[in-house]
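This report walks through the chain shown below, beginning with its sheets and moving on to its helices, one lysine and the overall dimensions.

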Amino acid sequence: MSTLRIMHAADLHLGAKITGLGSQSVARSAEILHTFSRLLALCVKEQTQLLLLAGDFLELSTITSQQVQAVKDGIAAMPDLQVVLAPGNHDYLSPDSPYAGAWPSNMHIFTGEMERLDFPQWNTVVYGAAFTGTYQPTSLLCADWEKERRETTDCLRLLVIHGDWNVPKSMYHPLLAEDLPADFFTYIAMGHVHKRSPLMTLGKTTLAYSGCPDASGFDETGIKGVYGGEVSPFSCDLSFYPLSSRLFQHAKVDCTGIETTAEAEKHILEALTETIEGFALSDIALRLTLTGSLAERDAVDVALLEEALREKLYALSLRDARQAAVRWDVLRKEESLKGYFVEALYMRRQQATDEEKRRIDRALRLGLDAFDGKELRIAHFTD
């Protein structure tokens with residue numbers, strides 16, 4: 001049989017209210033909605049025949065009827081593209097779900113237990129099931145698989161499903177290898193995990209999480225996108241297609257020796273340019289931690305630095321974790337209780353692991369602050 005061109009996407013959460021980005025939050029929600037339009041455009045470009053949506057397509061608790069209609073219109077405008085959805089825990093099927101209403105004829109939505117959709121024009125069958133509530137603690141991979149094997153002998157078999165791969169006690173649908181029929185599916189398109197997995201194999205079956213197509217916060221770092229390409233029985237030629245409109249990153253920048261605000265800004269921007277993967281600075285959302293030792297003549301105005309960086313970036317969260325340099329050689333020679341304290345920590349530090357050294361350094365700074373009568377801010381020293 002000829003190959004079939006597919007696209008695998010999941011966890012768009014269309015209509016979700018985004019928090020944590022300040023004034024950018026509302027605009028970011030609209031950008032995520034537009035990501036679906038870009039996904040459809042990608043399907044056209046790649047001549048995709050079948051789009052598999054592995055759940056959490058909509059955010060049922062917050063999506064509006066106008067947004068739902070816009071999604072329907074986008075799908076209806078592409079009648080040659082067949083779209084198959086397996087609802088997940090954020091868009092589970094219920095009587096008042098948007099899925100209970102009319103959808104375009106090229107949109108196919110699974111409604112509960114495992115079932116099969118037939119696409120005779122491609123000699124292809126697609127299996128799937130739907131969450132019917134927030135939690136799904138038992139397997140939905142239930143069918144008479146030997147009967148299905150006999151009835152679909154010459155077909156390309158695909159599965160689209162939402163759940164936790166190899167998490168036996170998951171409340172969000174445990175997907176276990178032992179529940180799958182051996183060498184039955186060519187490809188399993190999974191959703192629920194927002195971080196993309198590599199293409200994995202189980203016997204002759206290929207399976208993967210595509211991750212979310214676009215990030216909505218600092219818990220979704222790196223390039224996001226979808227999987228797509230050609231499949232034929234027990235053959236998958238799939239590639240990752242990036243769709244990120246913004247790049248969310250965590251970064252730690254060592255500012256040891258930096259003395260001025262301008263110097264700090266230049267140093268940080270130079271460090272960022274090595275990791276932004278082709279994105280403009282204005283499209284970078286950054287959670288930044290300043291590390292290292294404070295310069296002896298430190299004149300860095302962190303508030304001013306944050307303002308200067310915020311003007312260049314899409315979003316910024318900044319934490320100053322720089323610490324004053326410690327003169328171990330001087331302090332441990334003091335003939336005082338403080339000197340004995342420093343000497344004891346110094347000796348322990350000589351045989352310590354890197355993690356133990358970090359703890360000893362924190363203990364030293366807390367101890368020195370206590371000796372100097374300063375207020376102890378223990379939370380400041382946590383990793």
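## The three-stranded sheet

In this predicted model, three strands form an open sheet in the order 15-16-18, and their pairing is parallel. The edge positions are taken by strand 15 (247-254) and strand 18 (315-320), each of which has a single partner strand, so one side of each is left without a neighbour in the sheet. From one strand to the next, the twist averages 15°.

The pairing of strand 16 (residues 284-291) with strand 18 is in the parallel sense and extends over six bridges; threonine 289 stands opposite arginine 319 of strand 18. Helix 5 (residues 302-312) lies across both strand 16 and strand 18, and its direction makes an angle of about 155° with strand 18.

## The six-stranded sheet

A further open sheet has six strands in the order 4-3-2-1-13-14, and here the pairing is mixed. Strand 4 (107-109) and strand 14 (235-242) are the edge strands, and because each has a single partner strand, one side of each is left without a neighbour in the sheet. Neighbouring strands of this sheet are turned against each other by 20° on average, direction ignored.

Within this sheet, strand 2 (residues 50-53) and strand 3 (residues 82-85) run parallel and are joined by four bridges, with valine 83 in strand 3 serving as the bridge partner of leucine 51. Helix 1 (residues 25-45) lies across strand 1 (4-9), strand 2, strand 13 (225-232) and strand 14, and runs at about 165° to strand 1.

## Lysine 72 in helix 2

Is lysine 72, a residue of helix 2 (residues 65-76), buried or exposed? Its relative accessible area is 14%, and because buried means under 20%, lysine 72 counts as buried.

When its neighbours within four places in sequence are left aside, lysine 72 is in contact with Ala102, Trp103 and Pro104. Methionine 107 is 35 residues from lysine 72 in sequence, while the C-alpha to C-alpha separation of the two residues in space is 8.8 Å.

## The pairing of helices 7 and 8

Two packed helices are described by the angle between their axes and the distance between the axes. For helix 7 (residues 337-350) and helix 8 (residues 354-371), the angle is about 175° and the axes are 10 Å apart. Helix 7 is therefore roughly antiparallel to helix 8, since angles over 145 degrees count as roughly antiparallel.

From helix 7, the contact is made by Leu337, Lys338, Phe341, Val342, Leu345, Arg348 and Arg349. Helix 8 contributes residues that include Ile360, Leu364, Leu368 and Phe371, and also Lys357 and Asp361.

## The chain as a whole

The chain contains eight helices and 19 strands. Its C-alpha trace spans about 90 × 40 × 40 Å along the principal axes, and its radius of gyration is 27 Å, whereas a compact globule of 383 residues would have a value near 21 Å.

Of the 383 residues in the chain, 50% are buried. The accessible surface comes to about 18,600 Å², and carbon and sulfur atoms account for 51% of that area. Among the contacts in the chain with a separation of 6 or more, 68% are between residues 24 or more positions apart.

Methods: Residues numbered from 1 in each chain as written. Predicted model: local features only at pLDDT ≥ 70, side-chain atom pairs only at ≥ 80, totals over all residues. Heavy atoms only, no water. Pairing = 2+ DSSP bridges. Helix = DSSP H or I, 4+ residues; strand = E, 2+ residues; numbered from the N terminus. Axes fitted to C-alpha atoms, helices over the stretch in contact; angles between N-to-C directions. Contact = heavy atoms within 4.5 Å. Rg over C-alpha atoms; globule rule 2.2 N^0.38 Å. Buried < 20%, exposed > 50% of the residue type's maximum accessible area, 1.4 Å probe, protein only. Areas by Shrake-Rupley, 256 points an atom, 1.4 Å probe, with all protein chains shown as cover. Parallel < 35°, antiparallel > 145°, perpendicular 65-115°, else oblique.
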